[in-house]
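Open the model in your viewer and have a selection box ready. Each stop below says what to select next and what to look for there.

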Amino acid sequence: MTKLGPTRGIALGFGLSLALVPGSALASEPPQLLAPAERAIFREGPVEVALTIASDEWPVWLEVDGEVRAPLAAWPPPKVVLEPGMHRLRLLERTRTHASSATTVAVFPPKREQLDGRERNGVIAVIASLLALLGATLLRRRGL
Amino acid sequence: MSLLSWLLAFGLTQAVELPIHARALRRANAQRASWFVWAAAFMASALTHPFVYLSYPSLAGQLGWAPALALVEGFAVLVEAAWLRRLGVRDALLWSLVANASSVAVAAWLRALVF
């Protein structure tokens with residue numbers, strides 16, 4: 001039987017490691033889009049959305065609705081401008097072979113409740129103004 | 001709801017109600033010192049504002065905004081009228097109504113048009 005020397009031992013260990021480690025772990029990891037997570041943005045569009053990206057390599061490529069945009073660097077903090085509507089965002093790593101899972105971002109006009117709040121305050125303002133004017137008129141008539 | 005937002009609301013309320021209360025009190029207390037009139041006018045709103053400001057959101061959640069507003073502002077008008085009446089103001093209820101309606105109107109116009 002052949003004796004296992006240090007050099008052969010190291011070579012064998014390295015070979016075994018390569019054979020046992022799953023292939024995906026050795027491949028480059030796709031970047032991850034941490035923010036925005038799946039969400040809705042209630043603002044009049046277009047809106048600028050800040051992106052939080054975890055990536056080992058830069059630049060990364062942003063894909064919006066299947067269309068690859070300009071590459072993003074780690075600095076300045078990456079952002080994307082989104083028109084009103086639903087959008088699917090994905091990140092592609094530097095070689096554009098691996099993609100992150102898609103994130104859905106929806107840009108809607110302000111919620112109806114916010115408009116209701118504005119209208120409600122308008123109603124309160126009109127009624128309170130009328131009451132104040134009526135009271136002031138009565139005070140004036142009484143010579144106060 | 002922060003302390004700053006309460007302070008802003010209190011400042012706005014005082015800015016509107018203080019001159020109205022002071023005018024009512026000055027007529028009834030002509031012989032009193034000016035500081036007394038202004039202090040009594042300040043106290044009128046200070047007595048009720050914390051209750052109105054802090055209780056309105058939870059009451060509005062339970063009763064709806066209109067009944068809650070009527071309730072807290074009705075309370076403010078009555079308590080401030082009692083305070084003014086105690087200090088000799090004639091038509092205290094009317095003065096209190098004018099002061100509170102004015103401050104609500106200013107705050108509501110600001111919220112509707114600016115914020």
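The tour goes through chain A, then chain B, then the contact of the two chains. Keep in mind that this is a predicted model.

**Stop 1: chain A as a whole**

Select chain A and colour it by secondary structure. Three helices and nine strands should appear. Now walk along the sequence from the start. Two helices lead, nine strands follow, and a helix closes the pattern: α-α-β-β-β-β-β-β-β-β-β-α.

How many of the residues count as buried? Of the 144 residues in chain A, the buried ones come to 12%. Next, consider contacts between residues at least 6 apart in the sequence of chain A. Within that set, 62% link residues at least 24 apart.

**Stop 2: the five-stranded sheet of chain A**

Show the strands of chain A as a cartoon and find the open sheet. Five strands build it, in the order S2-S9-S8-S5-S6. Their pairing is mixed. On average, neighbouring strands here are turned by 25 degrees against each other, direction ignored.

Which strands stand at the edges? Select residues 39-42 for strand S2 and residues 67-72 for strand S6, both in chain A. Each of these has a single partner strand, so one of its sides has no neighbour in the sheet.

**Stop 3: strand pairs inside the sheet**

Select residues 60-64 and 85-92 of chain A, which are strands S5 and S8. The two run antiparallel, and four bridges join them. Show side chains for two facing pairs. A:Glu63 is opposite A:Arg90 of S8(A). A:Val64 is opposite A:Leu89, also in S8(A).

Keep S8(A) on screen and add residues 103-108, strand S9 of chain A. This pairing is antiparallel too, with five bridges. Which residue of S9(A) is the bridge partner of A:His87? Pick A:Val105.

**Stop 4: chain B as a whole**

Hide chain A and select chain B. Here you will find four helices and zero strands. From the N terminus on, the elements read α-α-α-α. Chain B has 115 residues, and 34% of them are buried. Look again at contacts between residues at least 6 apart in sequence. In chain B, 59% of these join residues at least 24 apart.

**Stop 5: H2 against H3 in chain B**

Select residues 34-63 for helix H2 of chain B, then add H3(B). The axes come within 8 Å and cross at roughly 165 degrees. That angle makes H2(B) and H3(B) roughly antiparallel. Their crossing is right-handed. Colour the contact residues by class: 19 are nonpolar, two are polar and two are charged.

**Stop 6: H3 against H4 in chain B**

Select residues 65-86 and 92-113 of chain B, helices H3 and H4. Their axes come within 8 Å, with a crossing angle of roughly 135 degrees. The pair is therefore oblique. H3(B) passes H4(B) in the right-handed sense.

Show the side chains where the two helices meet. From H3(B), take B:Glu73, B:Ala76, B:Val77, B:Glu80, B:Ala81, B:Leu84 and B:Arg85. From H4(B), take B:Ala92, B:Leu93, B:Trp95, B:Ser96, B:Leu97, B:Ala99, B:Asn100 and B:Val104. By class, this contact has 10 nonpolar, two polar and three charged residues.

**Stop 7: H1 against H4 in chain B**

Keep H4(B) and select residues 3-28, helix H1 of chain B. The axes of H1(B) and H4(B) come within 9 Å and cross at roughly 160 degrees. This makes the two helices roughly antiparallel. The crossing is right-handed.

Which residues make the contact? H1(B) supplies B:Leu12, B:Thr13, B:Val16, B:Glu17, B:Ile20, B:His21 and B:Ala24. H4(B) supplies B:Trp95, B:Val98, B:Ala99, B:Ser102, B:Ser103, B:Val106 and B:Ala107. Nine of the contact residues are nonpolar, four are polar and one is charged.

**Stop 8: where the chains touch**

Bring chain A back and display both chains. How many residues does each chain put into the contact? Chain A gives 16 residues, and chain B gives 16 residues. Now colour the chain A side by class. Nonpolar residues number nine there, polar residues four and charged residues three.

Technical notes: Residues are numbered from 1 along each chain as its sequence is written. Chains are lettered from A and ligands numbered from 1 in the order in which they are written. This is a predicted model: local features need pLDDT of at least 70, side-chain atom pairs count only at pLDDT 80 or more; totals for chains, interfaces and linings use all residues. Two residues are in contact if their C-beta atoms, placed from the backbone, lie within 7 Å. Ala, Val, Leu, Ile, Met, Phe, Trp, Tyr, Cys and Pro count as nonpolar, Asp, Glu, Lys and Arg as charged, and the others, Gly among them, as polar. Axes are lines fitted to C-alpha atoms, for helices over the stretch in contact, and angles run from 0 to 180 degrees between N-to-C directions. Angles under 35 degrees count as roughly parallel, over 145 as roughly antiparallel, 65 to 115 as roughly perpendicular and the rest as oblique. A crossing is left-handed if the near helix is turned anticlockwise from the far one by less than a right angle, and right-handed if clockwise. A residue is buried if 20 or more other C-beta atoms lie within 10 Å of its own, exposed if 12 or fewer, and partly exposed in between; C-beta atoms are placed from the backbone. Two strands pair if DSSP finds at least two bridges between them.
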